[in-house]
Every structure is written in C-alpha cells, then in structure tokens.
Amino acid sequence: MSNLKEILLNKKVCKSVWFMRQAGRYLPEFREIRSQNQNFINLCLNSNLSSEITLQPIKRFDLDSAIIFSDILMVPYALGQNVNFVKDQGPKLDDFNVKKFLNNDIISFTEKLHPVYKAIQISRDKLSKKKSLIAFAGAPWTLLIYMLGAKQTKKEIQYKIIEDKQFEVNLILDKISDYLCTHLENQVNAGADVVQIFDSWAGLITKENLPSYCYIPNLKIVDFCKRKKIPVICFPKGIKENYKEFNNVVKPNGLNLDYDVEPLWAQQNLTNVVLQGGLNPKFLLLPEQEMFKQAEKYLKTFKDLPYVFNLGHGLLPETDPDKVKKLINFFREY
Ligand code: 1CP
C-alpha cells in the first residue's frame, strides 16, 4: 500500500483504494447530518460538518485517501450564480448572466470559498499523514452544462441550449479555467495533496468538438498543476476510445476509467499514466461473489502496474455500506 501522491508522481507499482462519492448519500451517518441541513450549499459551507463528512468513510472503512466533501457547483456559486438542490430533480442554477460573470474577481471568489479551504485544513489535521486528501473541481465543459441550464431534469441534457449559446460557451471556456486553477491551488495550500478534475459530461461532446471543449480546457488545468507540482487525475467520463487521444494530449498524472472502458484495452492503449477506477458502481448491487468476480477483472489486468482501485463513476445512493466494506477487504486480500 502506498500513498496516492507518491503513486501518481513516481508511478510506483503499488496499489491504493478510494471511491468516488465515498462521502455522502449512501452512508447513514451522512444522511443523519443531511436531514438536519436542508440547504446543500450551506452544508458545503459549514467547515466543521464538511470535515466530519469527509472523514466518515475513513473511520468506517479505513480507505487510503479521503476526498473533501464539497461539490463541483461550489465554483458557479462563488462566481455569483445561486445554486439550489431541488429534491429528486438535481441542481438548479439561476440564469447565467454575462455581465455578472465578467464582474467577478479572484479575490472575492477566494473569499466566498474560504469555508471549503477551512474544511480541508480541519480534515488534514485529523487525517493520518499516511493518507492523501483529495481536492477536486469540475472541468470547464461540465460546469457550463449546469451554468447554462442545459441539465433540466435528473436524466436529460438539452444539447440544443448549448448550440444556441455559442457566445456564452466560448466565454465560459475562456474565463473559467483561471478560477478553477485558483480553486485547486487554494485547496492544495489548505492541505490537499492530490486533485481530480471531473469532466462528467465529456461524453456528450461530438468528436470534432472534443479538442476545444474537452482536451484543451483540461490541458490548461493539468499544465497549471504540473507547474505547481500538484499531482492531478482527470476523469473525462464517456469519451470511449477517445480516452487514448485525451491521454496523449492532456498527459495527466492519473486517469480515471469509466465503466465503458475495457480494462485490457486501457492497459494496452493508455500508457505513461497511472490508471484509476473503472468498476461499474452497479456491481456493488450484485451478490457478493459476482461483485468480486467483476473487481478481479481490474485487479488482474493491472496486476503489474501502478493502479488505484476505484469505480467507473460515483457510488450509488442505494449501495449497502457493508458491500463497500467487503469490496475493500477483497481488494486488500487480493
Ligand atoms: O444529499 C444530497 O442530496 C447531496 C448529494 C450530493 C453529494 C453527497 C451532491 C449533490 N454532491 C455531493 C458531494 C460531491 N459531489 C462530492 C464529494 C463527496 C465524495 O466524492 O465523496 C463530489 C466529488 C461531487 C462531484 C460532483 N457533483 C460531480 C462530479 C462527479 C459525478 O458524479 O459525475 C457532479 C456532476 C456534481 C453535481 C451534483 N451534485 C449533487 C448532485 C445531485 C449533482 C448532479 C448530478 C447530476 O447532474 O446527475
């Protein structure tokens, strides 16, 4: 077992485990706190509670890394766009306003996110030095999906909204990376030692638009992290065989596989990078032996490589925490 930061920077042939969305919705101890805090953004701005939630899965499962309890939508919030989480509908943001967006500055942006940085400080102080604390941000494209209101219901994306708002798309892609880089650097200064960039909606981008909407925006942030010596993991979810081109262009330290990427294909095509994840979170809903069989596919394929055991997307709300425990034990004994 080795520290995530070391694996990413030195490509040590070691294994490590953490899960996306490990802090949150499927844990009874999270639900308890959440039921007393109806406003999700305010919960993310409560440094003590955010830190407590961050450490809940570490206490329960002794995972190798903690991921800070926050949300990718804290950035639009700090850029002046109010965010509401409507039950069973997902996040709803105020209409995007060009003038308001352009009136932002790095100092007030940082001030608004101070509670997140404070939560990282508290968590770092309480977390064993052997464990990594992961900070994160949404990639520009994924954030603009929410900022321009293209995600209207729980499942649907209105791509037409994006096509009709080319000026706003270009403006956001051009301007938001400075804020994202600042947010990542602030989180590292507060005590995080690894960062992950979530491009959850990259799979919606057409092949011809991938360079301008996905590769280049991710590359800008990765290059910034490299200059600052911050180990960075990218997650361009849903781009299928384009994972190869993404890896060759963006060259992050780590790359999270989604559940559509075959592990053997990844092992052969995604080189000079530390691979992470891949296992379908739905497999945690299967009977134990079936779940182990699926997990073994990844562990076998990446046996002689540095590999971070994780999922192909976040843990599902209906996941039984005991199953998570069993999966971690299986990984440790493997
Ligand atoms: O209890 C609740 O209602 C809140 C559920 C919840 C939680 C626990 C949301 C709402 N966000 C989070 C925390 C969160 N979000 C974390 C930290 C916890 C952890 O990982 O352990 C992280 C890393 C995120 C990242 C995030 N938020 C992403 C990228 C990853 C992914 O899932 O693709 C995205 C797209 C969001 C937006 C978001 N936040 C929450 C919701 C319901 C949504 C919308 C998801 C959607 O549009 O489908």
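A colleague questions a modeller about the ligand and the helices of this predicted model.

Colleague: What makes arginine 34 a polar contact of the ligand?

Modeller: An oxygen atom of the ligand is 2.7 Å from an N or O atom in the side chain of arginine 34. The cut-off for such a pair is 3.5 Å, so this one counts.

Colleague: Why is the pair with aspartate 71 called a polar contact?

Modeller: Here a nitrogen atom of the ligand is 2.6 Å from an N or O atom in the aspartate 71 side chain. Polar contacts are N or O pairs within 3.5 Å, so this pair counts. Arginine 21 uses its backbone: a polar atom there is 3.0 Å from a ligand oxygen. The protein covers 86% of the 880 Å² of accessible area that the ligand has on its own.

Colleague: Which residues are closest to the ligand?

Modeller: They are Arg34, Asp71, Tyr146, Ser200 and His313, out of 22 residues that surround the ligand. By class, that shell has 13 nonpolar, five polar and four charged residues.

Colleague: Which residues make the contact of H8 with H11?

Modeller: Val116, Tyr117, Ile120 and Gln121 in H8 meet His183, Asn186, Gln187 and Ala190 in H11. Four of the contact residues are nonpolar, four are polar and none is charged.

Colleague: How do the axes of H8 and H11 run?

Modeller: They come within 8 Å and cross at roughly 30°. The crossing is right-handed. H8 spans residues 114–126, and H11 spans residues 166–190.

Colleague: How do you know that tyrosine 159 touches isoleucine 205, with 9.3 Å from C-alpha to C-alpha?

Modeller: Contact means heavy atoms within 4.5 Å, and isoleucine 205 is listed among the residues that tyrosine 159 touches, so the pair counts. The two are 46 residues apart in sequence. Tyrosine 159 lies in helix H10. Its other partners include Trp141 and Tyr213.

Conventions:
Residues numbered from 1 in each chain as written. Predicted model: local features only at pLDDT ≥ 70, side-chain atom pairs only at ≥ 80, totals over all residues. Heavy atoms only, no water. Axes fitted to C-alpha atoms, helices over the stretch in contact; angles between N-to-C directions. Helix = DSSP H or I, 4+ residues; strand = E, 2+ residues; numbered from the N terminus. Left-handed = near helix turned anticlockwise from the far one by under 90°. Nonpolar A, V, L, I, M, F, W, Y, C, P; charged D, E, K, R; others polar. Near = heavy atom within 4 Å. Polar contact = N/O pair within 3.5 Å; in protein donor to acceptor, adjacent residues only side chain to side chain. Areas by Shrake-Rupley, 256 points an atom, 1.4 Å probe, with all protein chains shown as cover. Lists of a residue's contacts leave out its neighbours within four places in sequence.
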